[in-house]
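The following dialogue shows how a learner and a teacher might read a structural model together. Please keep the sequence and the coordinates in view.

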Amino acid sequence: MQNLILWDIQNMIRNSVKFISYKNLKEFCNSLKKIYTSKNEKQDYKEFQKVKEKYIGAFKTRE
C-alpha cells in the first residue's frame, strides 16, 4: 500500500511540473522537495500551504 501511495505522489508531482514555466521549474521542484521530505504530516501540510500560496497564480485558468 505504501508503494502505491508513493507512486501516486510521484505522478502528481510529474503532472504538476507540466504547468510550470521552465524558468520557475527548479525553484518549484525545490519547493516540492520540502513537502515530500518532511518528517511528519503537519510539516507536510505547512510546506504544501507555502507552495500553494506561492504558485497559485501559475495554476489559475484564464477565462
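Q: About how many Å² does the protein chain expose, and what share do carbon and sulfur atoms supply?

A: Accessible areas are obtained by the Shrake-Rupley method with a 1.4 Å probe, and for residues only the protein chains shown count as cover. Here the protein chain exposes about 5,900 Å², of which carbon and sulfur atoms supply 56%. The model is predicted: local features need pLDDT of at least 70, side-chain atom pairs count only at pLDDT 80 or more, and totals for chains, interfaces and linings use all residues. Residues are numbered from 1 along each chain as its sequence is written, and side-chain values use heavy atoms, with hydrogens and water left out.

Q: Which pattern does the protein chain follow along the sequence?

A: Helices (H or I, at least four residues) and strands (E, at least two) are DSSP runs, numbered from the N terminus. The protein chain has three helices and zero strands, giving the pattern α-α-α.

Q: What percentage of the residues in the protein chain is buried?

A: A residue is buried under 20% relative accessible area, exposed over 50% and partly exposed in between (1.4 Å probe, protein chains only). Of the 63 residues in the protein chain, 17% are buried.

Q: Which residues make up the largest nonpolar core?

A: A nonpolar core is a set of buried Ala, Val, Leu, Ile, Met, Phe, Trp, Tyr and Cys residues joined through side-chain atoms within 4.5 Å. The largest one has six residues: Ile 20, Phe 28, Leu 32, Ile 35, Val 51 and Tyr 55. Helices α2 and α3 each supply at least two of them, and the largest share, three residues, comes from α2.

Q: With which residues is Ser 31 in contact, leaving aside neighbours within four places in sequence?

A: Contact means heavy atoms within 4.5 Å. Ser 31, placed in helix α2, is buried at 13% relative accessible area. Its contacts beyond those neighbours are Val 51 and Tyr 55.

Q: How many salt bridges are there?

A: Side chains of opposite charge can pair when their charged atoms come close. A salt bridge requires a side-chain nitrogen of Lys or Arg within 4 Å of a carboxyl oxygen of Asp or Glu. The count comes to two. In one, Lys 54 pairs with Glu 27, the closest N and O atoms being 2.4 Å apart. This pair links distant parts of the chain, helix α3 (residues 41–59) and helix α2 (residues 22–36), 27 residues apart.

Q: What is the N to O distance between Glu 47 and Lys 50?

A: Their side chains meet in a salt bridge at 3.7 Å. Glu 47 is buried at 11% relative accessibility, whereas Lys 50 is exposed at 52%.
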